[in-house]
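Here are my notes for you on this chain, as numbered points. Keep the viewer open as you go through them.

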Amino acid sequence: MAPKITFVDPDGTARNVEVPAGRSVMQGAVAGGVDGIVGECGGNAMCATCHVYVAEEWRDRLAEPAMVEQEMLEFTACERTEASRLSCQITVTEEFDGLVVELPESQL
Ligand code: FES
């Protein structure tokens with residue numbers, strides 16, 4: 001069974017989506033019909049419309065963002081925080097079962 005990722009809307013509504021290992025969190029969200037993720041550039045770290053806030057207990061378990069992601073995080077529609085990541089740059093592995101990410105109010 002594919003790892004389940006939980007997407008939490010700004011109003012607190014949570015949705016679990018199975019995302020096969022090897023896909024990005026953004027791809028999983030788009031395939032799973034999660035409205036709060038746009039993914040305009042197709043996952044190339046060039047649009048920042050896949051911005052998510054990673055739940056605190058998961059932040060240390062993800063690889064550090066690469067420079068290209070760091071730079072694009074300057075252009076998120078909603079405030080960038082220390083929890084901010086581009087979901088297209090997070091590749092799902094089996095260990096990510098249970099990952100929780102919160103969605104920003106807006107991506108555009
Ligand atoms: S989909 Fe464009 S930066 Fe992630």
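1. Let me begin with Pro 65. Setting aside residues up to four places away in sequence, Pro 65 touches Gln 70, Arg 85 and Gln 89. Please keep in mind that this is a predicted model. Pro 65 sits in the loop that runs between helix H2 (56-59) and helix H3 (67-72). Is Pro 65 buried, exposed or partly exposed? There are 17 other C-beta atoms within 10 Å of Pro 65, so this residue counts as partly exposed. For a sense of distance, Val 30 is 35 residues from Pro 65 in sequence, and their C-alpha atoms are 21 Å apart in space.

2. Now the overall layout. The chain has three helices and five strands, and in sequence order these follow the pattern β-β-α-β-α-α-β-β. The radius of gyration is 12 Å, close to the 13 Å that the globule rule gives for 108 residues, so the chain is as compact as a globular protein of that length. You can also check the C-alpha trace along its principal axes, where the spans are about 35 × 30 × 25 Å.

3. Two totals may be handy if you compare models. Of the 108 residues in the chain, 34% are buried. Taking contacts between residues at least 6 apart in sequence, 65% of them join residues at least 24 apart.

4. Next, the sheet. In what order do the five strands lie? They form an open sheet with the order S2-S1-S5-S3-S4, and the pairing is mixed. S2 and strand S4 (84-86) are the edge strands, each pairing on one side only. From one strand to the next, the twist averages 40°.

5. The strand pairings are worth tracing in the viewer. S1 and S2 run antiparallel and are joined by five bridges. S1 and S5 run parallel, with four bridges between them. S3 and S5 are antiparallel again, joined by two bridges.

6. Val 8 is a good landmark for that part of the sheet. Val 8 stands opposite Ala 14 in S2, and Val 8 also stands opposite Glu 102 in S5. Elsewhere along S5, Val 101 has Val 54 opposite.

7. Ala 14 itself lies in strand S2 (residues 14-18). Beyond residues up to four places away in sequence, Ala 14 touches Thr 6 and Val 8. Why does Ala 14 count as exposed? The count of other C-beta atoms within 10 Å of Ala 14 is 10, and a residue is classed as exposed at 12 or fewer. Ala 14 and Cys 88 are 74 residues apart in sequence, with 20 Å from C-alpha to C-alpha.

8. S5 shows a clear two-faced pattern. In a regular strand the side chains alternate between the two faces of the sheet. In S5, Leu 99 and Val 101 point to one face and are buried, whereas Val 100 and Glu 102 point to the other and are not.

9. On to the largest nonpolar core. This core has 24 residues, and those touching the most other members are Ile 5, Val 25, Met 26, Ala 29, Ile 37 and Val 101. Two or more residues come from each of strand S1 (4-8), helix H1 (25-31), strand S3 (51-54) and strand S5 (99-102). The biggest giver is H1, with four residues.

10. Ile 5 deserves a closer look. Leaving aside neighbours within four places in sequence, Ile 5 is in contact with Val 17, Val 19, Val 25, Gly 28, Phe 96, Leu 99 and Val 101. Val 25 and Val 101 also appear with Ile 5 among the core residues that touch the most other members.

11. Finally, two backbone points for you to check. Ala 45 has a positive phi of about 55° although it is not a glycine, and Ala 48 likewise has a positive phi, of about 65°. Ala 45 lies in the loop between H1 and S3, as does Ala 48. Which of the burial classes applies to Ala 45, and which to Ala 48? With 19 C-beta neighbours inside 10 Å, Ala 45 counts as partly exposed. Ala 48 has 24 such neighbours and counts as buried, because the class of buried residues starts at 20.

Key:
Residues numbered from 1 in each chain as written. Predicted model: local features only at pLDDT ≥ 70, side-chain atom pairs only at ≥ 80, totals over all residues. Rg over C-alpha atoms; globule rule 2.2 N^0.38 Å. Contact = placed C-beta atoms within 7 Å. Core = buried A, V, L, I, M, F, W, Y, C linked by C-beta atoms within 7 Å. Pairing = 2+ DSSP bridges. Axes fitted to C-alpha atoms, helices over the stretch in contact; angles between N-to-C directions.
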